[in-house]
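Please read the following account alongside the coordinates, moving from the chain as a whole to its helix packing and then to a few individual residues.

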Amino acid sequence: MDSLALFFTGALLAAGIYWFVCVLGPAEQKGKRAVDLSGGSISAENVQDNYDKYWSFFRRPKEIETTEKVPDFVDTFYNLVTDIYEWGWGQSFHFSPSIPGKSHSEATRLHEEMAVDLINVKPGDRILDVGCGVGGPMRAIAAHSRAKVVGITINDYQVNRARTHNKKARLDSLCEVVQGNFLEMPFPENSFDGAYSIEATCHAPKLEEVYAEIFRVLKPGSLYVSYEWVTTDKYKDSDPEHVEVIQGIERGDALPGLRNYTDIAETARKVGFEVVKEKDLAKPPARPWWTRLKMGRIAYWRNHIVVTVLSAVGIAPKGTVDVHEMLFKTADYLTKGGDSGIFTPMHMILCRKPEKKTETASDS
């Protein structure tokens with residue numbers, strides 16, 4: 001009897017561990033399991049060292065602001081966080097307003113589909129995803145529009161993850177992924193019928209540089225939409241609490257510096273775009289985008305226990321716990337930014353590249 005009770009107790013314990021790690025553990029998109037967490041392209045033994053190097057960037061703020069340093073800075077960040085993002089959040093590395101009666105994944109998909117609807121593309125058009133991550137938005141947009149989507153990301157590990165997901169979703173005929181720097185894109189001029197970026201160009205040290213590249217590769221008359229991370233009209237740089245929140249967001253999300261909402265349209269016009277529309281999609285009647293972060297606190301502690309155990313037994317790389325803790329602290333700053341209204345991750349700007357002027361007899 002005792003041995004039978006011991007057997008059932010052990011079986012129950014094993015089932016509980018399996019449920020805790022393998023059922024609760026994966027992201028809602030089932031993209032990554034807890035036991036497969038890695039440091040991206042960074043070898044397991046170097047994750048801790050790279051985390052320490054990433055954090056050291058913030059002790060040398062002038063280096064963060066230089067264009068030549070930022071790509072490596074952002075690449076290191078995404079090597080460290082990509083698996084954790086997939087596991088704990090999903091394949092779309094961005095926020096969306098919460099929608100009553102809709103799940104987070106449904107609200108995310110609708111937010112992505114709105115972006116491609118705004119740029120008026122047709123099936124078969126070739127469009128650009130600027131900063132595509134592991135391709136969550138790309139796949140939703142390709143499935144919705146039947147356009148051919150080309151995504152670019154600085155991170156080679158994300159390229160491989162995106163291609164794997166594209167194939168599993170049977171969307172690889174519509175989705176192409178390229179490794180590269182969106183400040184120097186490997187595409188010819190006038191080669192895309194439209195473009196979008198979803199919470200990605202915030203990583204550019206100078207917004208003008210990435211907007212100029214997008215302008216260059218778009219065909220004349222084509223539209224570009226971006227969801228930008230910015231400070232709002234409620235942000236006061238004289239308020240220490242406001243400054244702490246914004247700096248916390250910057251540190252935890254590999255940002256060389258958050259821009260003010262007034263800078264976005266001005267920069268777009270400076271590189272030659274016509275601004276068609278500009279709107280903060282987080283403003284009422286939109287529901288709070290940060291609700292998911294608040295609701296995720298229990299999940300964070302569950303996940304943190306999992307990460308700590310897996311790291312202790314050598315399954316997850318050393319340094320994974322530090323990265324996970326950094327992301328939790330950042331989530332707290334993002335929530336404060338949303339609650340106070342001083343920050344939005346979805347300042348939408350819709351731009352058009354002007355049509356080429358046709359030469360007339362008076363011009364010649």
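The chain of this predicted model contains 13 helices and eight strands. Of its 364 residues, 53% are buried, and the surface that the chain exposes amounts to about 17,300 Å², of which carbon and sulfur atoms supply 54%. When contacts between residues at least 6 apart in sequence are considered, 79% of them join residues that are at least 24 apart.

Helix H2, which spans residues 47–56, is a convenient place to begin with the packing. Its buried residues are Val47, Gln48, Asn50, Tyr51, Tyr54 and Ser56, and the elements that cover them include helix H4 (70–88), helix H9 (240–252) and helix H13 (320–340). An α-helix has 3.6 residues a turn, so residues three or four places apart point the same way. With that spacing in mind, one can turn to the residues by which H2 touches H4: Val47, Asn50, Tyr51 and Tyr54 of H2 meet Phe73, Thr76, Phe77 and Leu80 of H4. Sorted by class, this contact of H2 with H4 comprises six nonpolar residues, two polar ones and no charged ones.

How are H2 and H4 oriented where they pack, and how far apart are their axes? The angle between H2 and H4 is about 135°, and their axes lie 10 Å apart. Because roughly antiparallel is reserved for angles over 145 degrees and roughly perpendicular for 65 to 115, H2 and H4 count as oblique to each other. The crossing that H2 and H4 form is left-handed.

Helix H4 also packs against H13, at an angle of about 75° and with the axes of H4 and H13 10 Å apart, and these two helices are therefore roughly perpendicular to each other. On the H4 side the contact is made by Phe77, Leu80, Val81, Ile84, Tyr85 and Trp87, while H13 contributes Thr320, Val323, His324, Met326 and Leu327. By class, the contact of H4 with H13 has nine nonpolar and two polar residues, and no charged residues. Phe77 and Leu80 of H4 thus appear in the contact with H2 as well as in the contact with H13.

Helix H13 also holds Glu325, which is partly exposed, since its relative accessible area is 32%. Which residues does Glu325 contact, leaving aside its neighbours within four places in sequence? They are Tyr300 and His304. His304 is 21 residues away from Glu325 along the chain, and the C-alpha atoms of these two residues are separated by 7.7 Å.

The backbone deserves a separate look in the loops. In the loop between helix H6 (136–145) and strand S2 (148–153) lies Arg146, which has a positive phi of about 60° although it is not a glycine; at 44% relative accessibility, Arg146 counts as partly exposed. Arg170, located in the loop between helix H7 (156–168) and strand S3 (175–179), likewise has a positive phi, near 60°, without being a glycine. Is Arg170 buried or exposed? Its relative accessibility is 74%, and Arg170 therefore counts as exposed.

A further backbone feature is the peptide bond from Pro284 to Pro285, which is cis, with omega near 15°. Pro285 belongs to the loop between strand S7 (274–280) and helix H11 (291–295).

Methods. Residues are numbered from 1 along each chain as its sequence is written. This is a predicted model: local features need pLDDT of at least 70, side-chain atom pairs count only at pLDDT 80 or more; totals for chains, interfaces and linings use all residues. Side-chain values use heavy atoms; hydrogens and water are left out. Buried means under 20% relative accessible area, exposed over 50%, partly exposed in between (1.4 Å probe, protein chains only). Helices (H or I, at least four residues) and strands (E, at least two) are DSSP runs, numbered from the N terminus. Contact means heavy atoms within 4.5 Å. Accessible areas come from the Shrake-Rupley method with a 1.4 Å probe; for residues, only the protein chains shown count as cover. Axes are lines fitted to C-alpha atoms, for helices over the stretch in contact, and angles run from 0 to 180 degrees between N-to-C directions. Angles under 35 degrees count as roughly parallel, over 145 as roughly antiparallel, 65 to 115 as roughly perpendicular and the rest as oblique. A crossing is left-handed if the near helix is turned anticlockwise from the far one by less than a right angle, and right-handed if clockwise. Ala, Val, Leu, Ile, Met, Phe, Trp, Tyr, Cys and Pro count as nonpolar, Asp, Glu, Lys and Arg as charged, and the others, Gly among them, as polar.
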